[in-house]
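Before reading on, look over the sequence and the model together. The paragraphs below are meant to be read with both in view.

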Amino acid sequence: MPGKRTARVVVDLGMTVLLLLLMAYSLIGEEAHEWLGAAMLLLFVLHHIWNFTWCRNLAKGRYTPFRVVQTVVAGLLLVTMVGSMASGIVLSRYAFGFLPPHGGQALARAIHLPCAYWGFVLMSLHLGLHWNMVLGMMRQRMGRKPGRAWTWVLRLLAMAVALYGAACFCHNDIASYLLMRTHFVFYDFGQPLALFFAEYLAIMGLFVCIAYYLGKACIQSRNRAKEKKEGNS
């Protein structure tokens with residue numbers, strides 16, 4: 001149904017925007033971070049309710065290389081998001097401050113940072129694996145397929161974003177947070193907030209591109225194997 005499909009798109013877009021905002025923890029303030037995290041939890045639950053059919057069909061059908069990659073990324077994303085949200089609730093002083101006192105804050109702090117950054121990377125990969133759907137919706141809105149010139153302009157733009165994202169990934173030392181080399185995020189408080197979001201959006205774009213072309217490679221590999229099998233039969 002068009003209405004439900006639109007609602008799903010709004011929820012997924014909202015999660016992407018919230019994810020970028022949540023990465024700016026110290027720049028937006030702890031209280032704002034917590035309330036945004038609570039909103040993320042709500043959208044996360046809605047997303048999984050609306051995609052329950054996909055979860056129910058995990059044991060059905062054949063697993064192609066693309067489906068294997070898609071399922072592994074989705075599974076790891078679920079683990080990191082649950083870890084990030086559960087640890088965030090334990091550490092909460094505002095959004096979930098009404099909960100009774102509880103222990104485990106040291107463990108929650110150790111879990112929250114790597115889960116948050118792995119969640120950022122995995123959600124970007126997850127988005128990239130579904131990028132064909134985004135392109136399909138864009139073509140539907142345009143009413144036609146873009147010409148060869150526009151296709152190359154968009155490819156060059158994607159390449160520029162990915163290269164900038166790779167530079168930002170190194171500059172912000174994201175690998176240290178992913179590999180748990182440090183338990184604290186270092187922010188440049190003199191950096192304009194808009195530039196911070198531009199850098200993290202570019203990093204997201206980098207992983208979207210990686211997943212998109214990895215997905216295309218999986219599908220092409222399967223198609224070649226299928227053609228070869230049909231040719232030999």
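What follows goes from the overall fold to one helix, then to a pocket, and ends with the aromatic side chains.

This is a predicted model. The protein chain contains ten helices and zero strands, so the order of elements from the N terminus, by the DSSP assignment, reads α-α-α-α-α-α-α-α-α-α. Its C-alpha trace spans about 65 × 40 × 40 Å along the principal axes. Of the 233 residues in the protein chain, 34% are buried.

Helix H8 can be followed from residue 148 to residue 171. Its 24 residues cover 35 Å between the first C-alpha and the last, close to the 34 Å expected at 1.5 Å a residue. Within H8, the buried residues are Ala162, Gly165, Cys168 and Phe169. Just after H8, at Asp173, the backbone takes a positive phi of about 50°.

Next comes the second largest pocket, which has a volume of about 960 Å³. Its lining is made up of 33 residues, and Tyr25, His33, Leu91, His112 and Leu113 are the ones that lie nearest the centre of the pocket. Helices H1 (2–22), H2 (25–28), H3 (30–50), H5 (65–91) and H6 (105–129) each give two or more residues to this lining. H6 gives the most, with eight residues. Sorted by class, the lining of this pocket has 20 nonpolar, nine polar and four charged residues.

The aromatic side chains are the last topic. How many aromatic pairs does a search of the whole structure find? The search finds nine. One pair is formed by Phe96 and Phe98, with 6.2 Å from centre to centre and 45° between the planes. That pair counts as tilted because its angle is neither under 30 degrees, as for stacked rings, nor over 60, as for edge-to-face ones. Is Phe98 buried or exposed? Phe98 counts as exposed because its relative accessibility is 62%, and the cut-off for exposed is over 50%.

Elsewhere, ring pairs join Phe120, Tyr187, Phe189, Phe196, Phe197 and Tyr200 into a cluster. Phe120 falls within the residue range of H6 (105–129), the helix that gives the most residues to the pocket lining.

Two arginines also lie over aromatic rings. Arg67 is placed over the face of Tyr63, at 4.0 Å from the ring centre. Arg155 lies over the face of Trp152, at 4.9 Å from the ring centre.

Note on methods
Residues numbered from 1 in each chain as written. Predicted model: local features only at pLDDT ≥ 70, side-chain atom pairs only at ≥ 80, totals over all residues. Heavy atoms only, no water. 1 Å grid on protein atoms, 1.4 Å probe; cavity = no way out; pocket = protein on both sides within 12 Å on 5 of 7 lines; lining within 4 Å. Points joined across faces, edges and corners; volume = space filled by probe spheres on them. Helix = DSSP H or I, 4+ residues; strand = E, 2+ residues; numbered from the N terminus. Nonpolar A, V, L, I, M, F, W, Y, C, P; charged D, E, K, R; others polar. Phe/Tyr/Trp six-rings, centres within 6.5 Å; stacked < 30°, edge-to-face > 60°. Buried < 20%, exposed > 50% of the residue type's maximum accessible area, 1.4 Å probe, protein only. Lys NZ or Arg CZ within 6 Å of the ring centre and 35° of its normal. Expected span 1.5 Å × (residues − 1).
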